[in-house]
Amino acid sequence: MFKILEKKELSPGVFRMVIDAPRIAKKTQPGQFIIERVDEESERIPLTVADFDREKGTITLIFQAVGASTELLAEKKEGESILNLVGPLGKPSEVAEGIGTVVCIGGGIGVAPVYPIARAMKEAGNKVISIMGARSKEILIMEDEMRAVSDETIVTTDDGTYGIKGFVTTALGQLVERGEKIDRVYAIGPVVMMKSVADATRPLALPTVVSLNPVMVDGTGMCGGCRVQVGTETKFACVDGPEFDGHLVDFNALRTRQGMYRDMEAEAEKEHKCRIGLGRDS
Amino acid sequence: MMALSLKKHPMPEQAPEVRAHNFEEVALGYDEETAVAEAERCLHCKIPQCRKGCPVGIDIPEFIAKIKERDFDGAIAKIKESSSLPAICGRVCPQENQCEKYCVLANKGEAVAIGRLERFAADREMAQNRPVEPIHYAEDAKKVAVIGAGPAGLACAGDLARKGYRVTIFEALHTAGGVLSYGIPEFRLPKEKIVKKEISNLEAMGVKIELDSVIGQLYTVDELMQEEGFDAVFVGTGAGLPRFMEIPGENLNGVYSANEFLTRCNLMKAYQFPKYGTPIRVGKKVAVVGGGNVAMDAARTALRLGAEHVYIVYRRGEEELPARREEVLHAKAEGIDFRLLNNPVEVVGDDKGWVKAIRCIKMELGEPDASGRRSPKAVEGSEFDLEVDTVVMAIGQGPNPIVASTTPGMETNKRGNIVADPETGATTKPGVFAGGDIVTGAATVILAMGAGKKAAAAIDEYLKNK
Ligand SMILES: Cc1cc2nc3c(=O)[nH]c(=O)nc-3n(C[C@H](O)[C@H](O)[C@H](O)COP(=O)(O)OP(=O)(O)OC[C@H]3O[C@@H](n4cnc5c(N)ncnc54)[C@H](O)[C@@H]3O)c2cc1C
Ligand SMILES: Cc1cc2nc3c(=O)[nH]c(=O)nc-3n(C[C@H](O)[C@H](O)[C@H](O)COP(=O)(O)OP(=O)(O)OC[C@H]3O[C@@H](n4cnc5c(N)ncnc54)[C@H](O)[C@@H]3O)c2cc1C
Ligand code: SF4
Ligand code: SF4
Ligand code: FES
Ligand SMILES: [Mg+2]
């Protein structure tokens with residue numbers, strides 16, 4: 001059992017949980033994730049380790065309640081526990097000294113997984129420019145944290161309520177225009193966002209790393225459910241990734257595979273809502 | 001002496017039309033009278049041929065003699081001198097290629113039902129729920145880490161604990177058992193009654209099981225030995241890496257590896273969706289590609305999940321099906337449609353990215369090759385489409401590289417299997433032993449269990465001399 005030490009709603013439907021997991025905290029590196037299972041009946045779902053504290057033995061998860069399993073997790077209170085937590089999984093990001101200028105782009109909830117990468121890049125002595133995109137000001141998360149680890153932070157909102165009006169690619173375009181010499185781009189967020197960043201950087205030959213989020217089960221390379229098309233090869237995102245060369249990823253195929261259970265997921269969410277409804281009546 | 005029947009006593013089983021719609025065990029097991037009557041068929045040969053066919057050399061005539069005498073405790077004690085998991089092996093061993101193949105009775109009629117008798121003795125003991133004696137470990141007992149809680153790891157851990165070593169098993173999944181838990185379905189191997197019981201008996205003896213621990217990620221083998229204080233390590237990580245055919249369309253929605261399909265169903269209980277949160281998509285028509293146990297399990301699982309029509313697509317013929325004979329017969333009785341001598345060349349998708357058919361080419365068997373197997377050849381221009389919504393690839397598994405790639409000094413061969421001495425399990429890295437599917441490639445429960453036992457003996461030797 002893994003105890004939830006802190007819980008906070010960062011913006012509507014987006015939660016931050018600090019969990020007691022000393023073995024995992026000791027080992028986790030930026031770019032890695034865990035798989036959790038709330039209770040005996042629930043699904044295994046992957047979540048990125050958004051932060052870790054090796055001394056305190058804790059990891060931080062930041063997640064959006066979008067369906068049955070994330071809603072179930074969101075209902076857990078401080079002091080309660082989740083049944084299973086396995087990790088760290090996946091390959092760590094390739095962080096090194098002397099890469100130069102790294103642009104870290106986080107779209108929506110994608111800011112959470114990009115944060116530990118930005119921090120590590122900065123600690124390794126690179127110049128970090130962060131671009132954070134959100135639909136609107138009130139759903140922007142982790143702005144202070146990102147600013148603290150970046151040489152420059154640019155915010156974009158779709159509706160213009162804060163920062164630059166537009167998308168993360170608008171801000172990236174401005175960096176290129178002003179002549180910023182960019183050595184590597186990290187882009188994590190919704191598939192459409194990662195695809196448009198990759199499409200923008202491909203003609204400029206800017207190395208671009210994306211973190212893929214296909215449906216996973218075991219996270220150890222055993223089921224092959226997480227397979228993604230990268231160039232001419234099929235890769236298992238949980239063990240070969242989750243980070244891949246954005247210029248080679250087939251994003252359309254990823255989108256299709258993510259939708260494999262859409263109707264059943266809606267059914268699961270209905271069942272879940274029903275169950276907590278019942279819980280209140282009795 | 002009374003005349004002996006040429007046939008085995010039939011196994012009581014659920015009727016095919018009933019069992020095709022539930023996940024309960026198909027074969028119900030002999031009762032006492034049937035077991036004793038079957039035991040009476042054994043001739044107690046002076047030179048028992050049957051024993052040659054058992055990979056762990058169980059004293060078959062002796063345990064059968066005890067059943068005949070109704071000394072059932074004696075029978076199971078005899079079996080346990082050589083085997084750690086008799087309730088499991090009695091159920092899933094391919095007996096027709098092992099012990100029963102060599103039984104002298106098989107020359108004239110049917111062999112003695114050795115597997116069924118072994119299962120009977122084991123089940124009878126399990127049903128008694130005898131308390132397990134915890135082991136008293138010495139203050140300075142040495143520590144051994146076992147990686148993987150499949151049959152190899154469980155057998156190794158059990159034998160080492162009985163020898164007084166403190167054993168910790170590290171298992172990647174949230175449930176122990178390996179393929180016994182996530183692969184082989186409930187209707188062939190009950191989880192609560194058999195698999196969990198074996199595991200909780202080990203824990204009662206004092207074996208520690210650390211679930212959710214992926215070695216190579218959480219700890220490396222070197223860290224286990226240098227920082228976590230383990231004096232030796234056994235690697236029993238199995239053959240968990242699913243193979244695909246590398247034909248077009250394999251990443252379409254609706255294409256599963258057998259591992260994923262079976263894991264969703266067995267481990268995650270997707271057959272009880274949405275009560276259990278994990279979905280599985282079966283559709284109306286399913287094609288399972290392959291002819292081994294894994295393929296039979298996937299096909300029969302699809303049927304039980306509600307598929308209307310399930311095909312087995314296999315590139316060779318009936319004779320070559322590598323599955324246990326009993327599973328093939330059960331699958332046929334349940335209505336699985338065998339399309340033999342057909343090989344998939346493409347999975348055909350619709351415009352939304354979902355499977356709509358599997359394109360196959362007809363095959364014919366050529367002349368026997370060097371190994372004596374008749375290799376299949378495609379019949380040119382014979383392609384045809386089978387309309388299906390789901391395809392399950394059950395064409396084999398390779399070794400997962402996570403442990404090997406993080407363990408310097410431990411050699412692997414060109415297929416990625418760990419190189420280990422067949423008699424001791426010793427790898428090229430001192431203090432590290434390995435056995436089961438990670439060494440041999442996908443094989444059988446009994447071979448994995450046997451390898452675990454041999455390695456336990458070798459680890460004992462190694463630590464005594466260290
Ligand atoms: C490596 C990785 C890291 C991730 N990190 C985060 C994170 O830090 N924060 C966060 O909010 N989300 C993260 N996700 C996504 C998160 O796993 C899904 O949102 C979650 O599984 C949805 O489950 P649900 O039952 O609540 O919703 P559902 O309604 O069941 O699913 C909603 C959508 O989520 C995806 N999804 C469903 N099941 C799975 C599954 N088993 N594995 C992966 N995706 C699935 C599908 O695209 C689906 O359409 C990550 C995914 C991956 C693969
Ligand atoms: C569907 C199916 C049906 C089968 N039917 C039969 C049958 O009827 N008869 C028969 O004899 N055989 C059958 N087999 C084969 C048999 O199950 C295997 O040969 C046997 O289980 C191998 O045992 P093992 O201990 O080597 O590995 P496994 O049973 O594969 O166990 C390995 C364990 O190690 C864990 N692991 C892997 N990597 C790590 C890591 N890095 N860290 C920690 N843990 C790890 C895995 O999660 C797993 O639990 C079948 C196999 C399958 C898949
Ligand atoms: S363990 Fe398997 S091969 Fe050996 S006697 Fe039992 S059923 Fe036969
Ligand atoms: S060969 Fe057959 S008859 Fe002879 S001892 Fe073995 S089981 Fe009995
Ligand atoms: S999640 Fe099963 S192989 Fe990646
Ligand atoms: Mg879900």
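Here is a short walk through one helix, one ligand site and one chain interface of this predicted model.

Residues are numbered from 1 along each chain as its sequence is written, and chains are lettered from A and ligands numbered from 1 in the order in which they are written. Local features need pLDDT of at least 70 and side-chain atom pairs pLDDT 80 or more, while totals for chains, interfaces and linings use all residues; side-chain values use heavy atoms, with hydrogens and water left out.

Let us start in chain B with helix H2, residues 32–39 (helices are DSSP runs of H or I, at least four residues, numbered from the N terminus). Ala35(B), Val36(B), Glu38(B) and Ala39(B) are buried here (under 20% relative accessible area, 1.4 Å probe, protein chains only). Viewed down the axis of H2(B), these buried residues fall within an arc of 160°, so they line one face of the helix (the arc is taken from the directions from the helix axis to the C-beta atoms). Their cover includes helices H4 (60–68), H5 (72–80) and H8 (114–127) of chain B.

Next comes ligand 4, whose surrounding residues include Cys42(B), His44(B), Cys45(B), Cys50(B) and Cys103(B) (a heavy atom within 4 Å). The shell has 9 nonpolar, 1 polar and no charged residues.

Finally, the interface: 46 residues of chain B are in contact with 43 of chain A (heavy atoms within 4.5 Å). Asp212(B), Gln217(B) and Asn251(B) lose the most area to chain A on the chain B side, together 17% of what that side buries. The two chains share 4 salt bridges (Lys or Arg side-chain nitrogen within 4 Å of an Asp or Glu carboxyl oxygen). Glu41(A) and Lys275(B) form a salt bridge at 3.0 Å, N to O.

Definitions and conventions. Buried < 20%, exposed > 50% of the residue type's maximum accessible area, 1.4 Å probe, protein only. Helix = DSSP H or I, 4+ residues; strand = E, 2+ residues; numbered from the N terminus. Nonpolar A, V, L, I, M, F, W, Y, C, P; charged D, E, K, R; others polar. Buried area = accessible area lost by both parts, 1.4 Å probe.
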